[in-house]
Amino acid sequence: TLRWLGPGGEELERLHLDPEAFCAWSVPGNATGGLVYGHYGRPQDLAELRARGVSTQGQLMLLRLGRGSPAEKVAAAAAAGAVGVLLYPDPQDTAGPGGDPGLGGDTAVTVHVSGG
């Protein structure tokens, strides 16, 4: 279960995650921290967080796929001190059936993150 917390620590929303949906190539272990939304994880997105006084140190980052490679996003988040990254396809960035925004209910998204 992924919990979205408000600024005061109150639970805003709870998302039930499919335990079968995970990245088999992740580093083993657990990453625990607050959740910071970092838009696309580009340098300008991370600079905007810093300008707003939002720390990514020791946090998990939620980043949209697109506008850069997944490897670049993960590397930038790690360099900013994040302990983990959750990448997701935003429906506004993804054309679904008929060209409408969004993914179909049975659509699988695969992403490869390579260090080189």
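In these legends, contact means heavy atoms within 4.5 Å. The model is predicted: local features need pLDDT of at least 70 and side-chain atom pairs count only at pLDDT 80 or more, while totals for chains, interfaces and linings use all residues. Residues are numbered from 1 along each chain as its sequence is written, and side-chain values use heavy atoms, with hydrogens and water left out.

**View 1. The whole chain, with 2 helices and 5 strands.** Following the sequence, you will meet the elements in the pattern β-β-β-α-β-α-β. Helices (H or I, at least four residues) and strands (E, at least two) are DSSP runs, numbered from the N terminus. Of the 116 residues in the chain, 22% are buried; buried means under 20% relative accessible area, exposed over 50%, and partly exposed in between (1.4 Å probe, protein chains only). The chain exposes about 8000 Å², and 54% of that comes from carbon and sulfur atoms. These accessible areas come from the Shrake-Rupley method with a 1.4 Å probe; for residues, only the protein chains shown count as cover. Among contacts with a separation of 6 or more, 50% join residues 24 or more positions apart.

**View 2. Confidence along the chain, from strand β1 to helix α1.** pLDDT is the predictor's confidence in each residue, from 0 to 100. Its mean over the chain is 77, and 59% of the residues reach 70 or more. Among the elements, strand β1 (residues 2-5) has the lowest mean pLDDT, 60, whereas α1 has the highest, 95.

**View 3. T56 in the loop between α1 (43-51) and β4 (60-64).** T56 counts as buried because its relative accessibility is 8%. Its side chain reaches the backbone oxygen of A80 at 2.7 Å. For a polar contact, a pair of N or O atoms lies within 3.5 Å; within protein, one must be able to donate a hydrogen and the other to accept it, and residues adjacent in sequence count only if both atoms are side-chain atoms. Leaving aside neighbours within four places in sequence, T56 is in contact with V36, L49, M61, A80, G81 and A82. One of these partners, G81, sits just after α2 and takes a positive phi of about 95°.

**View 4. Helix α2 (residues 70-79) and its buried residues P70, K73 and A77.** Seen down the axis of α2, these buried residues fall within an arc of 60°, so they line one face of the helix. The arc is that of the directions from the helix axis to the C-beta atoms. What do the buried residues of α2 pack against? They pack against α1, β4 and β5 (84-88). On the face turned away from the buried side you will find the exposed residues E72 and A79.

**View 5. Y40, in the loop between β3 and α1.** Is Y40 buried or exposed? Y40 is buried, because its relative accessible area is 2%. Leaving aside neighbours within four places in sequence, Y40 is in contact with D45, L63, R64, L65, G66, R67, K73 and D93. Y40 and R67 are 27 residues apart in sequence, yet their C-alpha atoms are 6.7 Å apart in space.

**View 6. H39 and R67, with positive phi values.** Most residues other than glycine have a negative phi, and most peptide bonds are trans. The phi of H39 is near 55°. H39 lies in the loop between β3 (35-37) and α1, and at 25% relative accessibility H39 counts as partly exposed. R67, also not a glycine, has a phi of about 55°. R67 is found in the loop between β4 and α2, and with a relative accessible area of 56% R67 is exposed.

**View 7. The 2 salt bridges found in a search of the whole structure.** A salt bridge is a side-chain nitrogen of Lys or Arg within 4 Å of a carboxyl oxygen of Asp or Glu. Side chains of opposite charge can pair when their charged atoms come close. D45 meets R42 in a salt bridge of 3.0 Å, N to O, and D45 counts as buried at 10% relative accessibility. E48 pairs with R52 in a salt bridge, the closest N and O atoms being 2.5 Å apart. E48 is partly exposed, with a relative accessible area of 39%, whereas R52 counts as exposed at 63%.
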